[in-house]
Structures are given as structure tokens and as C-alpha cells.
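Please examine the model shown here, beginning with how its helices and strands are arranged. The paragraphs after it proceed from the sheet to individual side chains.

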Amino acid sequence: MEHRESEAITIDLKRMLFVLWQRIWLIGLVGVICASAAFCYAWFCITPAYSASTQLYVNNNYVGSPGFSSSQISAAQSLADTYMVIMVSRNVLDDVAAKTGLSYNYSQLRSMISAASINDTEVFEVRVTCTNYQHAAIIANAIAEVLPDKIAAVVEGSSVRLVDKAVENPNPVGPNHKRYLMIGFAVG
């Protein structure tokens with residue numbers, strides 16, 4: 001009985017490769033069908049997403065302190081993270097929604113917005129991703145207008161200044177059709 005178990009576990013690699021080679025056309029056909037299905041899904045079923053971004057500068061210049069010191073620059077870099085948290089607060093986003101006149105609520109706006117410091121500088125980028133490229137730019141620019149006043153009201157002695165306004169970009173950032181095609185082929 002032990003002899004049978006060891007025979008069942010043994011795999012002849014040459015034989016397996018030979019069988020796969022005989023069915024290569026079927027493997028290729030299934031890969032092409034799955035790739036086509038994934039591509040069609042990405043093309044017809046997923047709504048394209050558009051992105052617009054604006055850049056803001058964190059100014060940490062206290063009244064009466066001339067010039068810039070390394071501690072002020074370091075504090076400004078730290079404040080950028082704080083400002084990003086304030087930016088997605090209900091207080092700020094409700095004002096952004098009112099300013100844009102678009103029909104987005106707080107939670108919808110919150111899911112569209114991301115922010116990150118640029119190369120560990122005092123500048124941070126606010127990126128809005130939306131299914132309408134015009135709305136993405138409008139929302140990003142509204143954030144750039146509303147945020148400085150809101151931050152000035154919360155954080156004493158600091159401010160935010162606009163570096164670069166958002167512009168409309170009619171080229172979608174997603175879905176990545178090539179990626180869906182390759183994943184479909186690999187799965188197939």
C-alpha cells in the first residue's frame with residue numbers, strides 16, 4: 001500500500017510539459033478571451049476618473065521674527081501635515097461645497113481629496129479625483145480659496161498661500177486599460 005502512495009505523488013515533469021504543449025492553443029485562447037473580457041469591463045463598466053491638483057505653501061512666519069530660521073522651516077514642514085487634516089474637516093469641506101455650488105456633500109468630497117507634502121518641503125499638493133474633469137478643477141480651486149482663511153482661524157501665526165491653481169485636465173487618470181488587459185490575460 002505504501003508503494004501506491006509514492007507512485008501517486010511522483011510527477012513526471014516531461015510528461016506534464018508535453019501535455020501543456022499539446023494544449024498551448026487552448027491556453028492561449030483562454031488567455032485572449034479573459035484579457036478581452038477584462039478590457040471590455042474596464043472600457044464599458046468603469047467610469048473614467050479625472051484628476052486636478054493645486055499646490056499650497058505653508059507660511060510659518062511669526063510677527064516680529066525677521067527672516068527664516070531652520071526651526072521655522074522645520075515647523076512649516078510639520079504644519080503641512082496638520083493643515084492636511086484641517087483641510088478634510090467637515091467645517092472646511094462644507095464651505096468648499098457651498099463655494100463650488102456643486103451637489104457634493106461632505107463624505108463625497110472627502111473621498112475625492114488626497115494631499116501630500118512635495119519632497120519634504122513646505123509645499124503640499126491637494127489632489128481631487130472625480131468623474132468630471134471640470135468638477136475636479138473647480139473643487140481643487142475652491143479648496144485653495146477656502147483653506148487659508150480656515151487655517152488662519154485655527155492655527156495662530158501660520159498661513160497658507162497659493163502656489164499653483166488647478167487646471168482642467170480632460171485626460172482620464174483611470175482606469176488603466178492596459179493593466180486590466182494584462183491582468184485578464186494572466187488570469188486566463
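Helix α7 (residues 133-154) lies across β1, β2, β3 (123-130) and β4, and runs at about 15° to β1. Such angles, from 0 to 180 degrees, are taken between N-to-C directions of axes fitted as lines to C-alpha atoms, for helices over the stretch in contact; contact means heavy atoms within 4.5 Å. Helices (H or I, at least four residues) and strands (E, at least two) are DSSP runs numbered from the N terminus. The model is a predicted one, in which local features need pLDDT of at least 70 and side-chain atom pairs count only at pLDDT 80 or more, while totals for chains, interfaces and linings use all residues. Residues are numbered from 1 along each chain as its sequence is written, and side-chain values use heavy atoms, with hydrogens and water left out.

The sheet under consideration is open, with 4 strands in the order β2-β3-β1-β4 and antiparallel pairing. Two strands pair if DSSP finds at least two bridges between them. β2 (113-117) and β4 (159-164) each have a single partner strand and stand at the edges, so one side of each has no neighbour in the sheet. On average, neighbouring strands of this sheet are turned by 30° against each other, direction ignored. Strand β1 (residues 50-59) pairs with β4 in the antiparallel sense over 5 bridges, and Asn59 stands opposite Ser159 in β4.

In the protein chain as a whole there are 8 helices and 4 strands, which follow one another from the N terminus as α-α-α-β-α-α-α-β-β-α-β-α. Among contacts in the chain with a separation of 6 or more, 76% join residues 24 or more positions apart. Of the 188 residues, 31% are buried, where buried means under 20% relative accessible area, exposed over 50%, and partly exposed in between (1.4 Å probe, protein chains only).

Among the side chains, the structure holds 3 aromatic pairs. Rings of Phe, Tyr and Trp (its six-membered ring) pair if their centres lie within 6.5 Å; planes under 30 degrees apart count as stacked, over 60 as edge-to-face and the rest as tilted. Phe39 and Trp43 form a stacked pair, at 6.0 Å centre to centre and 20° between the planes. Both residues lie in helix α3 (residues 24-45), 4 residues apart, about one turn of the helix. Phe39 is partly exposed at 31% relative accessibility, and Trp43 is partly exposed at 49%.
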